[in-house]
Amino acid sequence: MEFDRRWLDPNKAGAELAARAAEIAADPELLAECFGGELEFGTAGLRGILDAGTARMNRLTVGKATQGLARVLLEDHDCPGVAIAYDSRNNSMRFAETAAEVLAGNGVKVYIYESLRPTPCLSFAILQLGCLAGINITASHNPKEYNGYKVYWEDGAQLPPDHADEVSRETAGIDIFTGVRRLSFSEGCDQGLIVRIGEAMDEAFLRAVLDCRTDPEILSKYGDAVGIVYTPLHGTGYRLVPEVLKRAGVTNLRVVESQRRPDGDFPTVAVPNPENKACFAEAIDLVLRDGADCDLIIGTDPDADRVGVVVKDANGLFVPLSGNELGALLVDYIIQARRRKGTLPENACAVKSIVSSELFTAICKKNGVTPVNVLTGFKYIGEKIAEYEKTGQ
């Protein structure tokens, strides 16, 4: 393996990466890990360990991927803009600003959130602003050593495989030091190529979320009767999740203080995945220690697009619901509530991924709703949404 010594030059790589690259170069095993290949751009974008090197997540690899994306956006498309969001992970804001600088350097208008936001906020901003694409800096529920770079398309879902392949091909031929065009963040703002978004978009998002309620009267009537404890697991849900629950009518809500503050080191959990019951130890301790009135514990992962739920069983013990159990409860509730409200269409369907439980299918069939299976990944559900909106089915 031939080591590119430009990584050692502070004027090219930056002082921090150059110093770390020098340490790596002195360790043959680590050198092979960090520089022995390229961080591959897949259908979900990039994901890797934070460190210097071509096979690691850092400012330079993010810049290179963004240059590849810019080429695709400008090649065959009229690009009205790109939205950018980021989570609480280490270096997320830095990587988001790097992506904005590269897009601006290529003449692409950028709308970037002023501070960390949940992933659904990015999808919403893409649609609200009429963007062609979006970038989210997050490694979802992976351990603290990781970060990621996810690309979304104009429908708010992740990049379709054919576009991902285009970006991958374009990125492969870019020199990481000389092939990336960049405009400083301040210059981009001054020229109107970089625009910060925040509170106004949050308000529109919250209204849209509340409009998605199937039966708003339920929480208005019983919201004070259900004790809920919520943990954001040091992630982006810390502000908007409690706010939307409050606006929906939930009054008996407590947030786990030890896990409220965003922190990319996730000091209270080994892995910030709310599907793991271990993540709820602090919340359960809060209930047991303080005698909090609690029927339900909810947790979200760092980018707040994954939800975990813990409930009390018949013996008063806290047990987690699996994703399949939660999905079955939700689809049954939505169908029954829509039927009560008279809003269940005659040609209703419900979409799930092929790896989800067939209990979902049984519930749909029993209620005269057509179950639809798609490949794993929300982008495939997004394709179905677009298809049904186009055909009117």
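The legends below describe close-up views of a predicted model.

**View 1. The open sheet of six strands and its order.** Six strands form this open sheet, in which the order is β1-β5-β4-β2-β3-β6 and the pairing is mixed. The edges are taken by β1 and by β6 (194-197), each of which pairs on one side only. Averaged over the sheet and with direction ignored, neighbouring strands are turned by 15° against each other. Helix α5 lies across β2 (82-86), β3 (110-113), β4, β5 and β6, and its direction is at about 165° to that of β2.

**View 2. Strand β5 and its two partners, β1 and β4.** Of the eight residues in strand β5 (residues 146-153), seven are buried, so this strand is largely enclosed by the rest of the structure. On one side, β5 pairs with strand β1 (residues 46-49) in the antiparallel sense over four bridges, and within this pairing arginine 47 stands opposite glycine 148 of β5. Strand β4 (residues 133-137) is also antiparallel to β5, and five bridges join these two strands. Along the pairing of β4 with β5, alanine 133 stands opposite tryptophan 153, while asparagine 136 stands opposite lysine 150. In a regular strand, side chains alternate between the two faces of the sheet.

**View 3. Serine 140 and the residues that surround it.** Serine 140 lies in the loop that links β4 and β5, and with a relative accessibility of 4% this serine counts as buried, the cut-off being under 20%. When neighbours within four places in sequence are left aside, serine 140 is in contact with Arg47, Asp87, Arg89, Lys150, Asp301, Pro302, Asp303 and Asp305. Among these contacts, Arg47 is the residue that stands opposite glycine 148 of β5, and Lys150 is the β5 residue that stands opposite asparagine 136. Although serine 140 and arginine 306 are 166 residues apart in sequence, their C-alpha atoms are 8.2 Å apart in space.

**View 4. Glutamate 101 in helix α5.** Glutamate 101 is part of helix α5 (residues 92-105), the helix that lies across β2, β3, β4, β5 and β6. The relative accessible area of glutamate 101 is 17%, and this residue is therefore buried. Not counting residues up to four places away in sequence, glutamate 101 touches Arg181, Arg182, Leu183, Ser184, Phe185 and Ile194.

**View 5. Two residues with positive phi between β7 and α11.** Most residues other than glycine have a negative phi. Leucine 233, in the loop between β7 (228-231) and α11 (237-248), nevertheless has a positive phi, near 50°, and with a relative accessible area of 0% this leucine is buried. Histidine 234 is found in the loop between β7 and α11 as well, and has a positive phi of about 65° although it is not a glycine. This histidine is also buried, with a relative accessible area of 3%.

**View 6. The packing of helices α13 and α14.** Helix α13 (residues 323-341) packs with helix α14 (residues 359-366) at an angle of about 15°, and their axes are 9 Å apart. Angles under 35 degrees count as roughly parallel, and the two helices are therefore roughly parallel to each other. Their crossing is right-handed. From α13 the contact draws on Gly327, Ala328, Val331, Asp332 and Ile335, and from α14 on Leu359, Phe360, Ile363 and Cys364. Sorted by class, the residues of this contact are seven nonpolar, one polar and one charged.

Technical notes. Residues are numbered from 1 along each chain as its sequence is written. This is a predicted model: local features need pLDDT of at least 70, side-chain atom pairs count only at pLDDT 80 or more; totals for chains, interfaces and linings use all residues. Side-chain values use heavy atoms; hydrogens and water are left out. Axes are lines fitted to C-alpha atoms, for helices over the stretch in contact, and angles run from 0 to 180 degrees between N-to-C directions. Angles under 35 degrees count as roughly parallel, over 145 as roughly antiparallel, 65 to 115 as roughly perpendicular and the rest as oblique. A crossing is left-handed if the near helix is turned anticlockwise from the far one by less than a right angle, and right-handed if clockwise. Contact means heavy atoms within 4.5 Å. Ala, Val, Leu, Ile, Met, Phe, Trp, Tyr, Cys and Pro count as nonpolar, Asp, Glu, Lys and Arg as charged, and the others, Gly among them, as polar. Buried means under 20% relative accessible area, exposed over 50%, partly exposed in between (1.4 Å probe, protein chains only). Two strands pair if DSSP finds at least two bridges between them.
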